[in-house]
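Trainee: I'm new to this one and would like a close look at a single part, the place where the ligand sits. Could you walk me through that part and what lies around it?

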Amino acid sequence: MNKKLIVANWKMNPQTLAEALSILDSVDEYLGSLEEQELSLVFCPPFVFTEEVGKILRTSHFLHQSELGTQDVSADDNSAMTGEVSGPMLRELGVRYVIVGHSERRWKLGESDEIVNKKLKAALRNEMIPIVCVGERVRDDNFKDFLKEQTLNTFAGLSSDEVARCLIAYEPVWAISTTPGARPDTPQNALESTSLIRKALITNYQLPITNKFLYGGSITSTNAREFLKNEGFDGVLVGGSSVNKEEFVKILSQI
Ligand code: PGA
């Protein structure tokens, strides 16, 4: 059986490197207490901590069960782009995963499907694994059409091999912990959405879709197990709870 994947999206947290290292210390201690390597972890720190976090992930109990990720990548590999970080720079730091299309970037920072699509291509071009986030803002009567359109726009122009290299994260915006009134989705509902996303890709690309699917949105130690034990999900994408070290270790213990 494939190991479940837990992706920690630290967002713009923590505020200091010392705090970041302290989260990793706690996780390392927990990993050391396990008899077997049962977990597969990806840490996506803010850019400024990428290098240091990458060094830690190559040591101790992180070795062979943790990978370095980032929360964004520039659509361009080499151009004058103030404030951007390119795919080649990330590769040089040992980054293997890149989150693209996160709802905070789509809805709060105005990234269109077209921009997300370019970033997705940049991640692939630089041989990183994109964690492609899709999800509706509201679960209304149109959410299925919305999800289908967002999926097709996001993946537009990719070859079948490229689609196959993506990890897909279903993250309904209304379930993200920072959305006012947020509540986690249920595995049942989320599976309806992942099957919709899968179908849209199959119809459009005439492909067998064997991608891994993650769920993200208000994952805590209380609901992590129901997603992690469900065969329909290959793992979870954890935001707020991933920078609370006690809570994050509890989430890991749900596997
Ligand atoms: P959350 O965030 O776990 O805080 O809801 C998930 C995400 O934004 O990826």
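**The ligand and its surroundings**

Mentor: Sure, and let's begin with something away from the ligand to get our bearings. Helix H8, residues 187-205, lies across strands S5 (129-134), S6 and S7, and runs at about 135 degrees to S6. Keep in mind as you look that this is a predicted model.

Now for the strands under that helix. S6 covers residues 167-170 and S7 covers residues 213-216; the two run parallel and are joined by three bridges. If you want a spot to find on screen, look for Tyr170, which stands opposite Tyr215 in S7. Zoom out and you'll see that S6 and S7 belong to a barrel: eight strands close up in the order S1-S2-S3-S4-S5-S6-S7-S8, with parallel pairing. Going from one strand to the next, the twist averages 25 degrees.

On to the ligand itself. Its surroundings are made up of Asn9, Lys11, His102, Glu171, Ile176, Ser177, Gly217, Ser218, Leu237, Val238, Gly239 and Gly240. Sort that shell by character and you get seven polar residues, three nonpolar and two charged. Asn9 is part of this shell, and strand S1 spans 5-9, so you can pick up the chain there.

Next, look at the ligand's oxygen atoms. In the side chain of Lys11, an N or O atom is 2.7 Å from an oxygen atom of the ligand. Ser218 takes part through its backbone, where an N or O atom lies 2.7 Å from a ligand oxygen. Gly239 also uses its backbone: a polar atom there is 2.9 Å from an oxygen atom of the ligand. As for how covered the ligand is, it exposes 280 Å² when taken alone, and the protein buries 99% of that.

While you're here, two backbone details deserve a stop. Most peptide bonds are trans, and most residues other than glycine have a negative phi. Against that background, the bond joining Asn13 and Pro14 is cis, with omega about -15 degrees. You'll find Pro14 in the loop between strand S1 and helix H1 (17-32). The other detail is His64, which is not a glycine but has a positive phi of about 70 degrees. His64 sits in the loop that runs between helix H2 (50-57) and strand S3 (66-70).

Technical notes: Residues are numbered from 1 along each chain as its sequence is written. This is a predicted model: local features need pLDDT of at least 70, side-chain atom pairs count only at pLDDT 80 or more; totals for chains, interfaces and linings use all residues. Side-chain values use heavy atoms; hydrogens and water are left out. Two strands pair if DSSP finds at least two bridges between them. Helices (H or I, at least four residues) and strands (E, at least two) are DSSP runs, numbered from the N terminus. Axes are lines fitted to C-alpha atoms, for helices over the stretch in contact, and angles run from 0 to 180 degrees between N-to-C directions. Contact means heavy atoms within 4.5 Å. A residue is near a molecule or strand if one of its heavy atoms lies within 4 Å of it. A polar contact is a pair of N or O atoms within 3.5 Å; within protein, one must be able to donate a hydrogen and the other to accept it, and residues adjacent in sequence count only if both atoms are side-chain atoms. Accessible areas come from the Shrake-Rupley method with a 1.4 Å probe; for residues, only the protein chains shown count as cover. Ala, Val, Leu, Ile, Met, Phe, Trp, Tyr, Cys and Pro count as nonpolar, Asp, Glu, Lys and Arg as charged, and the others, Gly among them, as polar.
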